[in-house]
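Thanks for asking me to look this one over. My notes follow as numbered points, so you can read them with the structure open beside you.

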Amino acid sequence: AMKQEKATVPITVRQLEAIIRISESLAKMEMREDVDTSHVEEALRLFTVSTLDSANKDRSNIGMDHLTEEQKEELSKAEEQIRRLVPRGGRRAKMQIESLLVQSLGVDETMARRAIHSLLMRRELQDCAAGTIKRVE
């Protein structure tokens, strides 16, 4: 039997408490007393996007203007592969996409992450709960 590995995300107690507070706030905005799954998923999405943006601010290569023509071409090809891997409206684990790009398609690991990030920033992909991303319809 093959052991299925799940992607883990290091998180502090403080960050977890913040996600809980965001979930509660989202429920209150809808005048609800109880938090449901949609509130938690949105809180996780907000948290993930904000921490991802923050983590990438100090990386000077993240912008397209810092890439060579060869890197831009590689990025474009990686983005196209992601579009093939995730159909419109489809959802897939981010780590699985990254792994397929690197291991099966020979894309550089940094470029695979940059392609995912680029599509997220252009809103072609959307961060979802449990480390998955969804392709916008």
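**Notes on the model**

1. Let me begin with a histidine. His39 counts as buried, because its relative accessibility is 3%, and the cut-off for buried is under 20%. This residue sits in helix α2, which covers residues 37-56. Setting aside neighbours within four places in sequence, the contacts of His39 are Ser23, Leu26, Ala27, Glu30, Arg32 and Asp34. Please keep in mind here, and in every point below, that this is a predicted model.

2. Now for the overall layout. Five helices and three strands make up the chain's secondary structure, and along the sequence they follow the pattern α-α-α-β-α-α-β-β. The chain has 137 residues, of which 27% count as buried. If you look at contacts between residues at least 6 apart in sequence, 54% of them join residues at least 24 apart.

3. What is the order of the strands in the open sheet? The three strands are arranged β1-β3-β2, and the pairing is antiparallel. β1 and β2 are the edge strands, each pairing on one side only. From one strand to the next, the twist averages 30 degrees.

4. The pairings themselves are easy to trace on screen. β1 (residues 91-93) and β3 (residues 132-135) are joined by three bridges and run antiparallel. Within this pair, Arg91 has Lys134 as its bridge partner, and Ala93 has Thr132. On the other side, three bridges also join β2 (residues 125-127) to β3, again antiparallel. Here Gln126 stands opposite Lys134. Lys134 of β3 is therefore a good place to centre your view, with Arg91 as its bridge partner in one pairing and Gln126 opposite it in the other.

5. A turn worth a look: β2 and β3 form a hairpin, with four residues between the two strands. Ala130, in that turn, has a positive phi of about 60 degrees.

6. Next, the helix that goes with the sheet. α4 lies across β1, β2 and β3, and its direction makes an angle of about 75 degrees with β1.

7. Which residues touch the most other members of the largest nonpolar core? This core has 16 residues, and the ones in question are Ile82, Ile97, Leu101, Val107, Ile116, Leu125 and Ile133. At least two core residues come from each of α3 (69-85), α4 (94-104) and α5 (109-121). The largest share, six residues, is supplied by α5.

8. Leu101 is a handy starting point for exploring that core. Beyond its neighbours within four places in sequence, Leu101 is in contact with Ala78, Gln81, Ile82, Leu85, Gly106, Val107 and Ala112. Two of these contacts, Ile82 and Val107, are also on the list of core residues that touch the most other members.

9. How do α3 and α5 meet? Their axes come within 9 Å and cross at roughly 65 degrees, so α3 is roughly perpendicular to α5. The crossing is right-handed. On the α3 side, the residues that take part are Gln71, Glu74, Leu75, Ala78, Glu79, Ile82 and Arg83. They meet Met111, Arg114, Ala115, Ile116, Ser118 and Leu119 of α5. Ile82 and Ile116 in this contact also belong to the largest nonpolar core.

Notes. Residues are numbered from 1 along each chain as its sequence is written. This is a predicted model: local features need pLDDT of at least 70, side-chain atom pairs count only at pLDDT 80 or more; totals for chains, interfaces and linings use all residues. Side-chain values use heavy atoms; hydrogens and water are left out. A nonpolar core is a set of buried Ala, Val, Leu, Ile, Met, Phe, Trp, Tyr and Cys residues joined through side-chain atoms within 4.5 Å. Buried means under 20% relative accessible area, exposed over 50%, partly exposed in between (1.4 Å probe, protein chains only). Contact means heavy atoms within 4.5 Å. Two strands pair if DSSP finds at least two bridges between them. Axes are lines fitted to C-alpha atoms, for helices over the stretch in contact, and angles run from 0 to 180 degrees between N-to-C directions. Angles under 35 degrees count as roughly parallel, over 145 as roughly antiparallel, 65 to 115 as roughly perpendicular and the rest as oblique. A crossing is left-handed if the near helix is turned anticlockwise from the far one by less than a right angle, and right-handed if clockwise.
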